[in-house]
Amino acid sequence: MKQKLLDVVIPIVGADIDTFKNSLPFIKRYLPVKNIILIGAYDVEEKVADLKGVTYVNEDELVPGLNLPSIKKIKKYISGTERRSGWYFQQFLKMGYARICKDDYYLIWDADTIPIKNIDFFDESGKPYLDYREYVKYDECFFRTQDLLFPDKYLHKQLKDSFICEHLLVNVTIMNELLDDLAANGAAGNDTFFENVMYVIPKDIINLSGFSEFETYAAYVLKKHGDTHTLRYWRNLRNAGIYIGRNTTEENVNWMSQMFDVISVEDFNPQWFVCKVFLALDKKHRIPFRIVYGVVQAMYKVIYDLRFKVRNILKK
């Protein structure tokens, strides 16, 4: 079937514009784009003014009362620090776009995530995909908050898989229903959906990763609208930066597409020296990516486990 064109919605800060510019050609080539919407502060508007096919939306004009100072104020009241306020704020912006979207669906997309193949977001029958990846233990914080959003653990996680996939296809009607439900029935008893999220996040995880808009939306869909979506495994290499850095050449992208449909080039995953040397020696990619991936990923898992433990100690 012919794929629907979608608003691709990307909340962004000025410091990430260069990262977005690196992703932009691939987004235009491989995603079913109607409009590319960047949601950010005033400094973003000037930096993207010359980008064709990109529309700027002021982050303070999306949802009444939702702005970074308000989230900082709540966060400091709860935890004594404003740390991670911007991270929570961006999640609420992704959800809040449903309030102004005129279409039936929109696609949330992370600025550092690069599609490397054509990707459909609806199956042959027209059902939207709800994409998932394998669960890892680092996702547990999100699920604790989910249990607290509504009375009686209404959004308790039903599936073991994770729905944090650096993107989310959003049904506008369902998202607005979720936001209204959070505002009216949230366990914290406040007036807005974002307050009712912030005030239930356990204090011991609010300085870490205490909420996931992706997991919350997916849980709501599966609880109330499960028969309207098709589950699909999402093939994304989230730590692609350690392999290729920011060198998203056609050769590198085609090499990684042997295993993946999407890659993410995140700032906290710079290219490893061993991978830089390997690419210099094997410029034509004669060695299949799966072989390199098997070796490097085993090392990465050990390092990531250690980094995560240290992060938890430092941020609590």
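Helix axes are lines fitted to C-alpha atoms over the stretch in contact, and the angles between them run from 0 to 180 degrees between N-to-C directions. The structure described here is a predicted model, and its chain contains 12 helices and 10 strands. With 316 residues, a compact globule would be expected to have a radius of gyration near 20 Å, and the chain, at 20 Å, agrees with that expectation. Taken along the principal axes, the box filled by the C-alpha atoms of the chain is roughly 60 × 45 × 40 Å.

Five of the strands form an open sheet with mixed pairing, in which the order is β3-β2-β1-β4-β7. Because β3 (54–58) and β7 (167–171) each have a single partner strand, they stand at the edges, and one side of each is left without a neighbour in the sheet. From one strand to the next, the twist averages 25°. Strand β4, which covers residues 105–109, runs antiparallel to β7 and is joined to it by five bridges; within this pair of strands, W109 stands opposite H167 of β7.

Two helices can be placed with respect to this sheet. Helix α1 (residues 17–30) packs on the sheet, where it touches β1 (6–11), β2 (33–40), β3 and β4, and its direction makes about 160° with that of β2. Helix α8, formed by residues 213–224, lies across β4 and β7 and runs at about 40° to β7.

Helix α8 also has a helical neighbour, since the axes of α8 and helix α5 (residues 140–149) come within 10 Å and cross at roughly 50°. This angle makes α5 oblique to α8, and the crossing of the two helices is right-handed. On the side of α5 the contact is made by F143, Q146 and L149, whereas α8 contributes E215, T216 and A219. Sorted by class, the residues in the contact of α5 with α8 are three nonpolar, two polar and one charged.

A second helix pair is formed by α3 (residues 68–79) and α4 (residues 85–96), which pack at an angle of about 125° with their axes 9 Å apart. Angles over 145 degrees count as roughly antiparallel and those from 65 to 115 as roughly perpendicular, and the arrangement found here therefore makes α3 oblique to α4. The crossing in which α3 passes α4 is right-handed. In the contact itself, L68, I71, K72 and K75 of α3 meet S85, G86, Y88, F89 and F92 of α4. By class, five nonpolar, two polar and two charged residues take part in the contact of α3 with α4.

The model also contains an open sheet of three strands, which has mixed pairing and the order β5-β10-β9. Here the edge strands are β5 (113–115) and β9 (236–237), each of which pairs on one side only. Strand β10, made up of residues 262–264, pairs with β5 in the antiparallel sense over three bridges, and the bridge partner of T113 in β10 is S264.

Conventions. Residues numbered from 1 in each chain as written. Predicted model: local features only at pLDDT ≥ 70, side-chain atom pairs only at ≥ 80, totals over all residues. Heavy atoms only, no water. Helix = DSSP H or I, 4+ residues; strand = E, 2+ residues; numbered from the N terminus. Parallel < 35°, antiparallel > 145°, perpendicular 65-115°, else oblique. Left-handed = near helix turned anticlockwise from the far one by under 90°. Contact = heavy atoms within 4.5 Å. Nonpolar A, V, L, I, M, F, W, Y, C, P; charged D, E, K, R; others polar. Pairing = 2+ DSSP bridges. Rg over C-alpha atoms; globule rule 2.2 N^0.38 Å.
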